[in-house]
Amino acid sequence: MLRAEQITDAVAHHGEGPCWSPTWGGLRWVDMLAGDLLTLGDDGEVDRLNVGTVAAFVRPRSRGGYVVGLERGLGLADAQNGAPTPLPELWSDPGVRMNEAGCDPWGALYAGSMAYDAALGGATLYRIMPAGQVEVVLDDVTISNGIDFSPDGARAHYNDTATGRTDVFDVVGGRLTNRQPFTSGAEESPDGLVVDSAGNVWVALNGDGRVRCVSPSGDVLAEVELPVRLVTACTLGGPDLRDLYITTSRENLDDPEPEAGALFRVRVDVPGRPVLPFGG
C-alpha cells in the first residue's frame, strides 16, 4: 500500500481530469462544476481560469493550445493560457453535462457525458475526429469516465462508473471493438484512469479513498491510499513521468474531510507516457 502526499490545499469543490503536459508547464486539472481550469505552478501555487459553467476535462492540442470540455460540448483555445472558443453544442438536453475524456494515438478525442441526476443510460460516449466529425461510440452510458489506450494502441480501457467495473476494448482500424470486462469489484465506483508505459492501468476508486494499479493481465500490483473518500482521477507526470497525481472532491459530502478537494501525489516505479493530444 502506497500513501499519497497532499500537495495543495483543498482548492477544488470537484477536482477532476488531471493532465500533465510540458506545453502548459506541468499539471493542469479542472474544478468541474465551478467551470475552472487549474494549473499547478512551480512554486506550488494554483492558477485558475474560468471557462464557463462546467470545465469537464482538458487536453493539449497537437497544433498548440488546448481543448476543454464545456457543459454540452467542447471549447478550443489556440494559446495555453487563453480563453477557449466554444464549438457548437453536441446535444441540447440541459439535464446532461460533459464529463471525462481522453485521446487516442491518432488524435481523436473520446468525450463522454452524464446526466446531472446520474440517470441510468442517460449518457453517451462520443468520438470527435481532428477534422471535426462527431460520431456516437456508446449510447447507453450512465457516467462516462476515464478512457486511455495501451502503449501499442491495441487496447483501450474505459470506465462507465455505474457498471462497477473497468472494461477493455480491442482497437481495430482506430475503432473500439469487442468490449469485455477487465476488472470489477463489489460496490466499487471506478472513476478516472490512466495507463502507464508498461500497460498497467491506474484506476481512481471514488468513495473508497484509493487508486488501484492493475497489470494488463488483471493482477493487482499496487494500491494508493488517500485520506479522503472521493478520489476522482489520476495521471502520471513530472520530469520523469513517475509522479502519480490524484484529484479529489467534496461534492455532495455533508461532512467532508479537511483535505477533500486537494491535489495529491505519490512516486511510482513505472513511468507514464507523454499525454496523447487532440489533433483538432
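A charge sits over a ring if NZ of Lys or CZ of Arg is within 6 Å of the ring centre and within 35 degrees of the ring normal. Keep that in mind as we explore this predicted model together.

Q: Over the ring of which residue does the charged end of R28 sit?
A: Two limits matter here: 6 Å from the ring centre and 35 degrees from the ring normal. The charged end of R28 is 5.4 Å from the centre of the ring in question. That ring belongs to Y66.

Q: How many strands does the secondary structure of the protein come to?
A: Let's start with the helices, which come to zero. The strands, in contrast, come to 25.

Q: Why is the protein described as being as compact as a globular protein of its length?
A: For 280 residues, the globule rule gives 19 Å. The C-alpha trace spans about 45 × 40 × 40 Å along its principal axes. The protein counts as compact because its radius of gyration is close to the rule's value, at 17 Å.

Q: Are the rings of W91 and Y126 stacked or edge-to-face?
A: The structure holds four aromatic pairs, and here we look at W91 with Y126. Their ring centres are 5.7 Å apart and their planes lie at 10°. Planes under 30 degrees apart count as stacked, while those over 60 count as edge-to-face. The angle of 10° is under that first limit, so the pair is stacked.

Q: How many residues apart in sequence are the parts that W91 and Y126 tie together?
A: W91 lies in the loop between strand 10 and strand 11. Y126 belongs to strand 13. Both residues are buried, and the parts they tie together are separated in sequence by 35 residues.

Q: Which residues have the most contacts inside the largest nonpolar core?
A: This core has 29 residues. Strands 8, 9, 11, 12 and 13 each give two or more residues to this core. Apart from it lies another core, of 19 residues, with F264 among them. Inside the largest core, the residues with the most contacts are L37, F57, Y66 and L109.

Q: Is D31 buried or exposed?
A: D31, in strand 4, forms a salt bridge with R48, in strand 6. R48 counts as partly exposed, at 41% relative accessibility. For D31 the relative accessible area is 3%, and buried means under 20%. D31 is therefore buried.

Q: How far apart are the closest N and O atoms in the salt bridge of R3 with E225?
A: R3 lies in strand 1 and E225 in strand 22, so the pair ties together parts that are 222 residues apart in sequence. R3 is exposed, with a relative accessible area of 64%, whereas E225 counts as partly exposed at 28%. Despite the separation in sequence, the closest N and O atoms of the pair are apart by just 2.1 Å.

Q: Which residues are linked with R210 in a network of salt bridges?
A: One salt bridge joins R210 to E188, with the closest N and O atoms 3.6 Å apart. R210 is buried at 18% relative accessible area, and E188 is buried at 13%. In the network, R210 is linked with E188, D208, R212 and E223.

Q: What percentage of the 280 residues in the protein is buried?
A: To count as buried, a residue needs a relative accessible area under 20%. In the protein, the buried residues make up 56%.

Note on methods:
Residues numbered from 1 in each chain as written. Predicted model: local features only at pLDDT ≥ 70, side-chain atom pairs only at ≥ 80, totals over all residues. Heavy atoms only, no water. Phe/Tyr/Trp six-rings, centres within 6.5 Å; stacked < 30°, edge-to-face > 60°. Helix = DSSP H or I, 4+ residues; strand = E, 2+ residues; numbered from the N terminus. Buried < 20%, exposed > 50% of the residue type's maximum accessible area, 1.4 Å probe, protein only. Core = buried A, V, L, I, M, F, W, Y, C linked by side-chain atoms within 4.5 Å. Salt bridge = Lys/Arg side-chain N within 4 Å of Asp/Glu carboxyl O. Rg over C-alpha atoms; globule rule 2.2 N^0.38 Å.
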